[in-house]
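Here are some notes to read alongside the model, for anyone opening it for the first time. Keep the structure in view and go point by point.

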Amino acid sequence: MDKESPLDPRGLDINPLETRVSRRKVLIAGTVTAASGALPAMATLANEATAPAEARPVVMSKVTFEVNGQSRSLELDTRTTLLDALREHLRLTGTKKGCDHGQCGACTVIVDGRRINSCLTLAVMNEGAKITTIEGLGTPQSLHPMQAAFVKHDGYQCGYCTPGQICSAVAMLDEVKAGIPSHVTGDLTARTRLSVDEARERMSGNICRCGAYSNIMDAIGDVAGGLA
């Protein structure tokens, strides 16, 4: 005996296969409709993403500071970093651009006696500052003691990080003399002594990709009169 076909509320026979196909068709039709409706919106977003950004007026500002003992005045885009001002506008290319994110120390210069990453400060923020770059520490004819020590102990290989290493080392020794502690200083009340651990910690912001660290430590120890 044949099984009775299911009835819909109106009393009509319903074929299960036709019902499934009908549902499938409905789902397909709905997907196509949704996709076709989304395409214009996607196209609009793509056009907005590739459209050129609206031009904004460049804001210029005058800044004056002392660089290597000489007063220098520049009119710069206010977004110009001190690093780019030194390299691109004053042509002091000894200061190197490494990571441009303050992570490698290649751009280290001395500003008002403190070592800083020049890629992380805007030029206009240093109005009236006294800035010393590697060119201001010494010349080939009259080397700074730290420069001479780097040469003596071969504290470099490719030399790219060397200007930042030397500027950092010079300022670091001044920090020790001033009694400024570091993260590894044990006794904050005692006179700071430059140990190997102290020197390594204080120079940790300057990366040497060639791995000349041991020679750099020898150069610093030579100028410091030895490491404790």
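**Notes on the fold**

1. Let's begin with the cysteines. Searching the whole structure turns up zero disulfides. Bear in mind throughout that this is a predicted model.

2. So why no disulfide at C107? The closest cysteine sulfur to that of C107 sits in C119, 3.8 Å away, and that is too far for a bond. The cut-off for a disulfide here is two cysteine sulfur atoms within 2.5 Å. As for its surroundings, C107 counts as buried, with 4% relative accessibility.

3. C161 tells a similar story. Its closest cysteine sulfur belongs to C208, at 4.1 Å, so this pair is too far apart for a bond as well. C161 is also buried, at a relative accessible area of 12%. As a reminder, a disulfide is a covalent bond between the sulfur atoms of two cysteines.

4. Now step back to the whole chain. You'll find seven helices and five strands in the protein chain. Reading from the N terminus, the order is α-β-β-α-β-β-β-α-α-α-α-α, so it's handy to keep that string beside you while you turn the model.

5. A few overall numbers help too. The protein chain has 228 residues, and 33% of them count as buried. Its accessible surface is about 14600 Å², with 54% of that belonging to carbon and sulfur atoms. Among contacts with a separation of 6 or more, 53% are between residues 24 or more positions apart.

6. How are the strands arranged in the sheet? Five strands form an open sheet in the order β2-β1-β5-β3-β4, and the pairing is mixed. The edges are β2 (70–77) and β4 (114–117); each has a single partner strand, so one side of each has no neighbour in the sheet. From one strand to the next, the twist averages 40°.

7. Look closer at one pair in that sheet. β3, residues 108–111, pairs with β4 in the antiparallel sense, over four bridges. Within this stretch, V111 is found opposite R114 of β4. In general, strands of a sheet pair through backbone hydrogen bonds, either parallel or antiparallel.

8. Next, find helix α2, residues 82–89. It lies across β1 (60–67), β2, β3, β4 and β5 (130–132), and runs at about 105° to β2. Which residues of α2 are buried? They are L82, L83, A85, L86 and R87. The cover over these buried residues of α2 includes β1, β2, β3, β4 and β5. After α2 comes R91, which has a positive phi, near 60°.

9. Helix α5 also meets the sheet. Residues 162–177 make up α5, which lies across β3 and β4 and runs at about 40° to β3.

10. Last stop: the loop between α5 and α6 (196–202), where you'll see D187. Is D187 buried or exposed? Somewhere in between: D187 is partly exposed, at a relative accessible area of 43%. Its side chain makes a polar contact of 2.6 Å with the side chain of T189. The D187 side chain also reaches the backbone nitrogen of A190, at 3.5 Å.

How values were computed:
Residues are numbered from 1 along each chain as its sequence is written. This is a predicted model: local features need pLDDT of at least 70, side-chain atom pairs count only at pLDDT 80 or more; totals for chains, interfaces and linings use all residues. Side-chain values use heavy atoms; hydrogens and water are left out. Helices (H or I, at least four residues) and strands (E, at least two) are DSSP runs, numbered from the N terminus. Buried means under 20% relative accessible area, exposed over 50%, partly exposed in between (1.4 Å probe, protein chains only). Contact means heavy atoms within 4.5 Å. Accessible areas come from the Shrake-Rupley method with a 1.4 Å probe; for residues, only the protein chains shown count as cover. Two strands pair if DSSP finds at least two bridges between them. Axes are lines fitted to C-alpha atoms, for helices over the stretch in contact, and angles run from 0 to 180 degrees between N-to-C directions. A polar contact is a pair of N or O atoms within 3.5 Å; within protein, one must be able to donate a hydrogen and the other to accept it, and residues adjacent in sequence count only if both atoms are side-chain atoms.
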